[in-house]
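Biologist: I'm new to this one, so please pick one place where two elements pack against each other and take me through it slowly. After that, work outwards until I know my way around the rest.

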Amino acid sequence: MSTLLLEAERVKSYYHTREGTVKAVDDVSLDVENGIILGLAGESGCGKSTLMNTLMMKIRPPLYLVDGEIIVDGERISKMERKEIKKKIWGVKISLVPQSALNALMPTKRIIDFIRDVVKFHVDVSDGEIVSMARKRFEELNLPEDSLYLYPHELSGGMKQRAVIAISTLLNPKLLIVDEPTSALDVSTQKRVLKLLLDLKKFKIIDSIVFVTHDIAVLRQIADRLVIMYAGKIVESGTLEDVLSNPKHPYTAGLIHAVITPEPEIRKRGLVSIPGEPPNLINPPSGCRFHPRCLHAMPICKKVVPELVDISNGRKVSCHLVKA
Amino acid sequence: MIPPILKNLLRIKKFDISVSIILFITLVGIIGPFVYTVDPTALHAPPEVPPNNKYPLGTDSYGRDLLAQLLHGIRSSLYIGLTASLISLAIGVTIGAVAGFKGGITDDSLMLVTNVVYALPSIMLMMLIAAYLKERNPLFVALIIGLTSWPWVARAVRSQLMSLKSRDFLAISRMAALSDLKIMFEDLIPNMASYIFMAFVLLMSGAMIAEAGLSMIGLGVTRGVSLGIILYWAQLLESVRRGLWWWFIPPGACLVSLATSMLLLSTSLDEYFSPRLRGR
Amino acid sequence: MSPVLRFLIRRIGFFALTFVVFTLVIFTLPRAIPGNPLSTLLSQLFQQAQANPELIRAVYKRLMDEFGVGKPLHEQFLLFISRTLKGDLGTSIAFYPRKVADIVFAYLPWSLGLLIPAVLTSWIIGNMLGALAGYKRTTALDNAMLPAFLTLSQTPYYWLAMIFLYIFAVNLGWLPIGGAYSSGRIPKLTLDFIVDMLRHYVLPYLSILLSSMGGWAIGMRSMVIYELGSDYVDYADSLGLSDSKILRYVFKNSMLPQVTGLALNFGSILGGSLITELVFNYPGTGFLLFRAISTLDYPLIQGVFMLLISTLLLANLIVDFVYAYIDPRIRTGYIGE
């Protein structure tokens, strides 16, 4: 029943810097089915933000798409011109909820004027229609109607967060990409944002969500599927249930173990149970990129890059310990 | 041998260029008068001679050797710039640090004073004070410049301090019950060393340009030469209209290359130490 | 009270305070500086009394009166304040018996006529070039523009003026070598005279324009670079807003601090342009100030500064009004010094 909303095939996107080429996303394939919430997790610096940007082709020098294909709702956006992508895809088919909602709104424009600028660029509608569209969506997200006529600095933090979500979903995009929206929030606000996202999906305003975070505990409350990234590669993916209850990759296991720790301080930092530092992506380790930190490393791990293999029903792992 | 921070800085092209120019002109100003021992105030030479073998930069209308004037001028302009900037720096850093550190009424009143002085253009305050001094030796001129140029430093130091204050190490020092003064001088000021150095460089270029401005309007040093004084005489005796380019071009060119290099130096330091820092 | 009103009242209060402080400085300086410059001047005048006894005595008496010499300090101050408030800035020594205010007002229009257009155009052009350089950062265009801006911003106006004068007037003979109009002409509103005046205007105007432009461009460039990296730009981009629209946003937000910068830098530009007037023998306040300084005409020196500072504070206030009008964050009380 599930059709694919987004397909990424063997995607490589690299930063070309003076110090060298940073292989931030290296040979990653990823599907997002219709109607699911996909959680993308990993430590900071693992390339998940770059992958997120790559999935929507939000690519600007020094980042380049070196190889691979990205298809969104039947359109091959990896081949499109930036201009066309902006007009036809962003805000219309894929929308982003940015990490820092607090500063995301144009500071010297009223919110309705900003909305008008955005909508007018995508669709040909009258001012009146735009206002009624915006009113309806603001109402649905429990935002007072007057707030449309305010400047961003006149809104509270929570209201800004909701206003950004409202603006991102104004044109009913199929896919919403959410970038660590909860990391700066307290627990109760966090809960409300998560509920809001679930509601958006329930009301069919959006179809699917890609939720990017370093915090597996948050994904536990919202995601259907999990994708774990390490050093520019996907190491494991599967349903939330499967991955959490039975992690196959040693890195995933460590990540989950870190989350179970009740200490919020440790949880925030992510991975204390795994010794060592995440590798630099200019000269990544040979073979399996995790091998220098892996407790179960074998001689082969140093030499051969493990493939991401399907072990059963869409459950994928990239590790020499796991035989298909 | 070379500290790593210097090694990194030397990799920045802007830094290398600006430091070389500053060093070169400074050395010329310091060593030059010992090598080229002509008296800059002697009126021996034939007047208004264009540059030639005997007078490498020509002579002025009084028959003074312009190379000798330039060498001594660089030296005293550097002296005035250095002294003035140290004075401004001392005032600005003290006021900014105390205001930013103490907060409350101390902060409000110090900032009010600073903003009032800031609202009055320093070049005019300088002119006003200088006009009442009959004798103006280089130290006086430096004092006048130094006493009027500090407000922006105070403001910048204060806002920089505000952002440093929120960081962890201060809380630790507070917990260790160190005295305010101790915290200020042992923790905060060292953390701001690079910032203060940048302010110093900018103050110095500003002071040298101010010196020239004061001299031009007739309020420079009353005895001796400086880059500004050479320009003053060149202006007063109509060197431009009489086509004596060798009189007014070299001192101005020295001044502009020094000041530009100093600005460039502070820009490169800024990029190195705080790539995303915005001064308001 | 509306936030705008509150902001403006605070600013007016601040400028009033600044003005009072400045008046105090003007009052104190001649009386506080060691060696008492005022009495030096007076005794000098007294010694010259042989040359033209009548006149010098009259000047001397007037000065004694106006400075209140011999009276207690607080009486001197009250006298000074009441006279200043009435617009009486004293009597000039060099131009005796003309009043200082009259003399300065005769010269001030030339200075302002030179300064205001030059400052505004340099602000506009500098900001546009700076925005362009910021937008094209790390390209060859930016790499060529930035050093030029840096050098221009550190070039004293009057030195650039000397070079322009040397090249375009002395060497090439394209433009007149100084003054505000050809000598012998009487200012009147004929086409002929206006053309003559404009020909005299070009070089001083260009010197001030060019040398103050660099600073604006540098400031704008770094503002634009900063804004381009900000969160709202990234978000607007991800919503698919057109690049040209985003650039317009960035330009708008970068301009706002530059408006405040205009007020802050007005004074130093004025200082620079005063000296530029000297180079061109342009009959403005700079020219007047130079004469006053070389003749130790203290009342005139004080008067020139009094009027310049008043003009300046007024200009600052106007900029504040403009700023309060264009920045919504002030209108709604979000920011304000």
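Modeller: Let's begin with a pair of helices in chain C, keeping in mind that this is a predicted model. Helix H5 (residues 100-135) of chain C and helix H11 (285-294) of chain C have axes that come within 7 Å and cross at roughly 135°. An angle over 145 degrees would count as roughly antiparallel, and 65 to 115 as roughly perpendicular. The crossing of H5(C) and H11(C) fits neither range, so the two helices are oblique to each other.

Now zoom in on the residues that meet there. H5(C) brings Ile103(C), Val104(C), Tyr107(C), Leu108(C) and Ser111(C). From H11(C) come Thr285(C), Gly286(C), Phe287(C) and Leu288(C). Sorted by class, this contact has six nonpolar and three polar residues, with no charged ones.

Zoom out a step and you have the rest of chain C. Its secondary structure comes to 13 helices and zero strands, so to speak an unbroken run of α from the N terminus on. The C-alpha trace spans about 85 × 60 × 40 Å along its principal axes. Of the 337 residues of chain C, 40% count as buried. If you take the contacts in this chain between residues at least 6 apart in sequence, 72% of them join residues at least 24 apart.

One helix of chain C lets you do a quick check by hand. Helix H1 (residues 3-32) of chain C has 30 residues, and at 1.5 Å a residue it should span 44 Å. The end C-alpha atoms of H1(C) are 42 Å apart, which agrees. Along H1(C), the buried residues are Phe7(C), Arg11(C), Thr18(C), Phe22(C), Leu29(C) and Pro30(C).

Next, look at what chain C touches. Two pairs of chains touch, and the pair with the most contacts is B and C. On that interface, 41 residues of chain C are in contact with 35 residues of chain B. Several helices of chain C each supply at least two residues to the side that touches chain B, among them H1 and H11, the helix we started with. The one that gives the most is H10(C), with seven residues. By class, this side of chain C divides into 29 nonpolar and twelve polar residues, with no charged ones.

Chain B itself has twelve helices and zero strands. Of its 280 residues, 49% count as buried. Counting the contacts in chain B with a separation of 6 or more, 71% are between residues 24 or more positions apart.

Chain C also meets chain A. That contact takes 23 residues from chain A and 20 residues from chain C. On the chain A side, helix H2 (82-88) and helix H3 (111-122) each supply at least two residues, and H3(A) gives the most, with four. The residues on this side of chain A divide into eleven nonpolar, seven polar and five charged. Chains A and B, on the other hand, have no contact with each other, and their closest C-alpha atoms lie 13 Å apart.

Finish inside chain A, where you'll find a sheet. It is an open sheet of eight strands with mixed pairing, in the order S6-S7-S8-S3-S9-S10-S12-S11. Strand S6 (94-97) and strand S11 (309-312) of chain A are the edges, and each pairs on one side only. The twist averages 25° from one strand to the next. Further into that order, strand S3 (residues 37-41) and strand S9 (residues 225-230) of chain A pair in the parallel sense over four bridges, with Leu38(A) standing opposite Arg225(A) in S9(A).

The edge strand S6(A) is worth a pause. Four bridges join S6(A) to S7(A), and the two run parallel; the bridge partner of Ile94(A) in S7(A) is Leu175(A). In a regular strand, side chains alternate between the two faces of the sheet. Both faces of S6(A) are covered: Ile94(A) and Leu96(A) on one side, and Ser95(A) and Val97(A) on the other, are all buried. Helix H5 (residues 157-168) of chain A lies across S6(A) and S7(A), running at about 170° to S6(A).

Key:
Residues numbered from 1 in each chain as written. Chains lettered and ligands numbered in written order. Predicted model: local features only at pLDDT ≥ 70, side-chain atom pairs only at ≥ 80, totals over all residues. Expected span 1.5 Å × (residues − 1). Buried ≥ 20, exposed ≤ 12 C-beta atoms within 10 Å, placed from the backbone. Contact = placed C-beta atoms within 7 Å. Nonpolar A, V, L, I, M, F, W, Y, C, P; charged D, E, K, R; others polar. Pairing = 2+ DSSP bridges. Axes fitted to C-alpha atoms, helices over the stretch in contact; angles between N-to-C directions. Parallel < 35°, antiparallel > 145°, perpendicular 65-115°, else oblique.
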